[in-house]
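Student: I would like a close look at a single part of this predicted model. Please take one helix together with the loops on either side, and then relate that part to the rest of the fold.

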Amino acid sequence: MRHLSLLLFFVLAVPVMAQRSNVRLGGEIVDLSHAFDATTVYWPTAEGFKLSTDFEGMTDKGYFYSAYKYSAAEHGGTHLDAPVHFAQGRHTVDQIPLKQLMGSGIVIDVTRQCAANRDYQVTVADLQNWERRNGRIPRDVIVFLHTGFGKRYPDRKSYLGTDERGAEAVAKLHFPGLDPAAARWLVQNRSIKAIGLDTASIDYGQSTLFESHRILMEKNIPAFENVANLDQLPVKGFSVIALPMKIKGGSGGPLRIVAFR
Ligand SMILES: [Zn+2]
């Protein structure tokens with residue numbers, strides 16, 4: 001009996017024990033998610049978000065009732081890329097430790113560079129310039145790249161570089177991302193929990209090999225894409241909570257992400 005209860009403790013209690021995080025709640029809340037609707041931006045090859053009405057109105061019993069159903073690709077709107085999206089055997093959405101999805105954040109501002117060049121890739125020098133002004137990128141931080149492209153959302157032509165759909169449209173994507181050399185520098189020299197940005201992909205629009213995805217995700221680092229309102233965050237000193245829909249085995253999913261500044 002004693003053994004049984006000990007066994008039960010480890011089987012039942014250990015997996016649900018709280019994980020520690022360094023999130024500091026309080027201050028102003030900033031919503032970093034775009035809403036999901038018919039205008040939500042998806043990859044040119046993906047179907048968009050659909051919401052249809054099961055019922056909406058007065059029932060014959062005299063009370064109001066509404067219920068809808070939705071369908072969507074994992075990767076669209078404000079969403080999370082799980083490491084398994086580009087790295088076999090790495091975390092699926094439901095396997096990412098929660099403590100990795102919450103913590104303190106920093107913002108690398110590359111709006112000037114991206115306004116001059118919509119194919120801009122954030123460089124190692126951009127990261128080092130941030131450190132010269134703000135000190136070393138803290139351990140276990142969530143990094144945001146602020147390209148300024150969030151302001152263009154959801155105008156597909158302006159935001160993605162094309163409003164065309166289908167496989168041929170992919171070559172016409174033009175938006176900023178993270179240079180693979182900078183992704184490599186981050187995983188080799190710093191320890192980050194996750195990285196997010198206000199474009200449709202962590203690799204820039206013209207990427208064909210998705211190297212930054214592969215470098216980060218090999219190390220089990222998830223990405224947040226199509227993040228909103230990065231212009232409302234300070235350069236550092238804020239906390240983030242980024243909780244995707246817990247799709248078992250998923251390679252990504254819709255993300256509700258908020259910051260406390
Ligand atoms: Zn994605």
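Tutor: Asn220 counts as partly exposed, because 19 C-beta neighbours lie inside 10 Å and a residue is buried only at 20 or more. Asn220 sits in the loop between α6 and β10 (223–225). The phi of Asn220 is positive, near 60°, in a residue other than glycine, and Asn220 comes after α6.

The other side of α6 (211–218) offers a counterpart. Phe210 lies in the loop between β9 (192–197) and α6. Phe210 is not a glycine either, yet has a positive phi of about 50°. Phe210 has 16 other C-beta atoms within 10 Å and is therefore partly exposed, since a residue counts as exposed at 12 or fewer and as buried at 20 or more.

Between these two loop residues runs the helix itself. The buried residues of α6 are Ser212, His213, Ile215, Leu216 and Met217. Their cover includes two helix and strand neighbours in the numbering, α5 (180–189) and β9, and also β4 (79–81), β8 (177–178) and β10. β9 and β10 thus appear twice in this account: β9 and β10 help to cover the buried residues of α6, β9 bounds the loop that holds Phe210, and β10 bounds the loop that holds Asn220.

Beyond this part, the largest nonpolar core has 57 residues. Ile108, Phe144, Ala194 and Ala242 touch the most other members of this core. β7 (141–146) contributes the largest share, five residues. Leaving aside residues up to four places away in sequence, Ile108 touches Val122, Asp126, Leu127, Trp130, Val143, Phe144, Leu145 and His146.

The strand pairing can be followed through β11 (residues 236–244). β11 pairs in the antiparallel sense with β5 (residues 102–109) over five bridges, and six bridges join β11 to β12 (residues 252–260), again antiparallel. Ile241 of β11 stands opposite Met102, and the bridge partner of Ile241 in β12 is Val258.

One further backbone feature deserves mention. A cis peptide bond, with omega of about 0°, joins Tyr153 and Pro154. Pro154 is found in the loop between β7 and α4 (156–160), and β7 is the strand that gives the core its largest share.

How values were computed: Residues are numbered from 1 along each chain as its sequence is written. This is a predicted model: local features need pLDDT of at least 70, side-chain atom pairs count only at pLDDT 80 or more; totals for chains, interfaces and linings use all residues. Helices (H or I, at least four residues) and strands (E, at least two) are DSSP runs, numbered from the N terminus. Two strands pair if DSSP finds at least two bridges between them. A nonpolar core is a set of buried Ala, Val, Leu, Ile, Met, Phe, Trp, Tyr and Cys residues joined through C-beta atoms within 7 Å. Two residues are in contact if their C-beta atoms, placed from the backbone, lie within 7 Å.
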